[in-house]
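Hi,

Here is the structure I promised to pass on to you. Have a look at it first, and then read on for what turned up in it.

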Amino acid sequence: MALSSFDIDAPRWDQSTFMGRLKHFFNITDCRTALLPDSRLDEAKALVESCRAGSLPPGTTEEQLHYAKKLYDSAFHPDTGDRMNIIGRMSFQVPGGMAITGFMLQFYRTVPAVVFWQWVNQSFNALVNYTNRNAASPITPKQIGVAYITATSTALATAVGLNLYTKTAPPLVARWVPFAAVAAANCVNIPMMRQQEILNGIAVTDENGNKLGHSTKAAVKGITQVVVSRITMAAPGMIILPIVMQRLEKHKFMQRITYLHGPIQVMMVGVFLIFMVPAACSLFPQRCSMAVSKLEPELRDSIVSQYGDKVQQVYFNKGL
């Protein structure tokens, strides 16, 4: 294939299948890309844009184009093309998530520790949610603040409430409190951070990318899928790891190295997240679709009046 006709935006793997999406997200959530300097990322962006314009530098190989697109997808927002802050990128989910989750699982016994680590986690989540929002729906600083405070309050109330409630419960139940708090907060944090999409609708297009209008129903569907993905991302590590640690801590060698329990949990969470970040992102297609018949009556009637039955599905970026 001549590189002059190379379609760099065509999916490298079939995005209609889970395995195709899994390969894609394993590619762009590679945490090694988070270590690259901005200059290298900008070079990748320039090469991607050159390919789109049909003016590739002499000697460019297909392998170089694939790698440039990998860096571009990992670091630049799909809606705006702007470079995302490093902490909010999905490629930073493994190193960032493993540290915070590991310490949440380790320091769950006292209220001050629970409050501190839940606050750190929600601050991290708020930045990730804002970074990966659908950028076609702007959000004001005030709305960001309200979303952050609401989600953090929910996480703290859930964690502290359950922490006090489980004082007389079996030890393992207390270990699962951080996951309950994270799940509850995700159900609040993501919708709040993306409230503009729920209030005003998300931009929907036909299969060729032609804008058809804004839909609140599409926004609710996309945000719901993101909430499910985020909870799924955290679940294995935060549910299975407490069981493993409870059993390990019964052994004498573990009782002699209590100072290493935190680092051990951080490393083990990292192992889970290496697989769960791409797997959770792959649960639903990034380019989400919805039948025209399920849209709001006004938008549905508008599409039907303009296109008849030629447009049966609308498409939109659900975010991550």
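The side chain of Glu197 and the side chain of Arg194 are in polar contact, at 2.9 Å. Please keep in mind while you look at this pair that the model is a predicted one. Glu197 belongs to helix H9, which covers residues 195-200. Is Glu197 buried or exposed? With a relative accessible area of 2%, Glu197 is buried, because the cut-off for that label is anything under 20%. You may also like to find Arg133 on your screen: Arg133 and Glu197 are 64 residues apart along the chain, and 9.3 Å separates their C-alpha atoms.

The other residue I looked at is Thr152. You will find Thr152 in helix H6, which runs over residues 141-165. Its relative accessibility is 8%, so Thr152 counts as buried too, given the cut-off of 20%. Which residues does Thr152 touch, once its neighbours within four places in sequence are left aside? Those contacts are with Trp119 and Gln122.

Now for the chain as a whole. In terms of secondary structure, there are 13 helices and four strands. The chain is as compact as a globular protein of its length, because its radius of gyration of 22 Å is close to the 20 Å that the globule rule gives for 320 residues. If you want a feel for the dimensions, the C-alpha atoms fill a box of roughly 65 × 50 × 35 Å along the principal axes.

How much of the chain is buried? Buried residues account for 48% of the 320. The contacts tell you about the fold as well: taking those between residues at least 6 apart in sequence, 76% join residues that are at least 24 apart.

On the outside, the accessible surface of the chain is about 15400 Å², and carbon and sulfur atoms contribute 63% of that. As for charge, I count 30 positive side chains and 21 negative ones, with 13 Å between the centres of the two sets.

That is what I have for now. Enjoy looking through it!

Best wishes

Technical notes: Residues numbered from 1 in each chain as written. Predicted model: local features only at pLDDT ≥ 70, side-chain atom pairs only at ≥ 80, totals over all residues. Heavy atoms only, no water. Helix = DSSP H or I, 4+ residues; strand = E, 2+ residues; numbered from the N terminus. Rg over C-alpha atoms; globule rule 2.2 N^0.38 Å. Buried < 20%, exposed > 50% of the residue type's maximum accessible area, 1.4 Å probe, protein only. Contact = heavy atoms within 4.5 Å. Areas by Shrake-Rupley, 256 points an atom, 1.4 Å probe, with all protein chains shown as cover. Lys, Arg positive; Asp, Glu negative; His and termini not counted. Charge placed at Lys NZ, Arg CZ, Asp CG, Glu CD. Polar contact = N/O pair within 3.5 Å; in protein donor to acceptor, adjacent residues only side chain to side chain.
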